[in-house]
Amino acid sequence: MFRPSIIAAAFMAAPAFAQEAITYDFEGNFGDASFAVENAIVNKGLVIDYTSRVGEMLNRTGEDVGSEEMLFTEADIFIFCSAVISRQVMEADPMNIVHCPYGIAVTDRDGVVQIMHRDYPDGPMQAVEDLLSEIVAEAGGT
């Protein structure tokens, strides 16, 4: 059932849940970082559901939205999930569904290549953050 007051309240509360990114510098180029992240995700037995080409989209649409600023030379986000960890965190609190799927971003900004992921809330979601940190560590993020 659609309840506008509940939906509106949820949107007004959204800024309180803003999360910081945890970033890691990568010694190498964007292609190497992307390849390393893809391999690290697959090595955990996970499947990449989607690769979002955010950098391409931003570069392609900048002029259309009145901006000349190039935010990233390249930027991709690898989207995936873990059935085991997702079940664990959602059994602790079904509302943790809002954090799924998980993503790891690889960016190149002015020649600085970084790998990053969200900083999840303390508690059960720490299991997700630990997984993402392990993947980034395997990929070579420092």
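## Briefing: strand β4 and its surroundings

The protein chain contains five helices and five strands. The structure is a predicted model. Read from the N terminus, the elements follow the order α-β-α-β-α-β-α-β-β-α. This briefing starts with the whole chain, then turns to β4, its two partner strands and the loops on either side.

**The chain as a whole**

- The protein chain has 142 residues, and 32% of them are buried.
- Among contacts in the protein chain with a separation of 6 or more, 70% join residues that lie 24 or more positions apart.
- The area that the protein chain exposes is about 8,900 Å². Carbon and sulfur atoms account for 56% of that area.

**The loop before β4**

- A loop connects α4, residues 83-92, to β4, residues 102-109, and P101 is in this loop.
- The peptide bond between C100 and P101 is cis. Its omega angle is about 5 degrees.

**Strand β4 and its partners**

- Of the eight residues in β4, seven are buried, so the strand is mostly covered.
- β4 pairs with β3, which spans residues 74-80. The pairing is antiparallel and has seven bridges.
- One position to look at in the structure is F80, which stands opposite Y102 of β4.
- β4 also pairs with β5 in the antiparallel sense, here over five bridges.
- For V106, the bridge partner is I115 in β5.

**The turn between β4 and β5**

- β4 and β5 make up a hairpin, and two residues lie between the strands.
- The loop from β4 to β5, the latter covering residues 112-118, includes D110.
- D110 is not a glycine, yet its phi is positive, at about 55 degrees.
- Is D110 buried or exposed? The relative accessibility of D110 is 71%. The cut-off for exposed is over 50%, so D110 counts as exposed.

**Points to take away**

- β4 has antiparallel pairings with β3 and with β5.
- The loop before β4 holds P101, which is joined to C100 by a cis peptide bond.
- The turn after β4 holds D110, with its positive phi. D110 is exposed, whereas seven of the eight residues of β4 are buried.

How values were computed. Residues are numbered from 1 along each chain as its sequence is written. This is a predicted model: local features need pLDDT of at least 70, side-chain atom pairs count only at pLDDT 80 or more; totals for chains, interfaces and linings use all residues. Side-chain values use heavy atoms; hydrogens and water are left out. Helices (H or I, at least four residues) and strands (E, at least two) are DSSP runs, numbered from the N terminus. Buried means under 20% relative accessible area, exposed over 50%, partly exposed in between (1.4 Å probe, protein chains only). Two strands pair if DSSP finds at least two bridges between them. Contact means heavy atoms within 4.5 Å. Accessible areas come from the Shrake-Rupley method with a 1.4 Å probe; for residues, only the protein chains shown count as cover.
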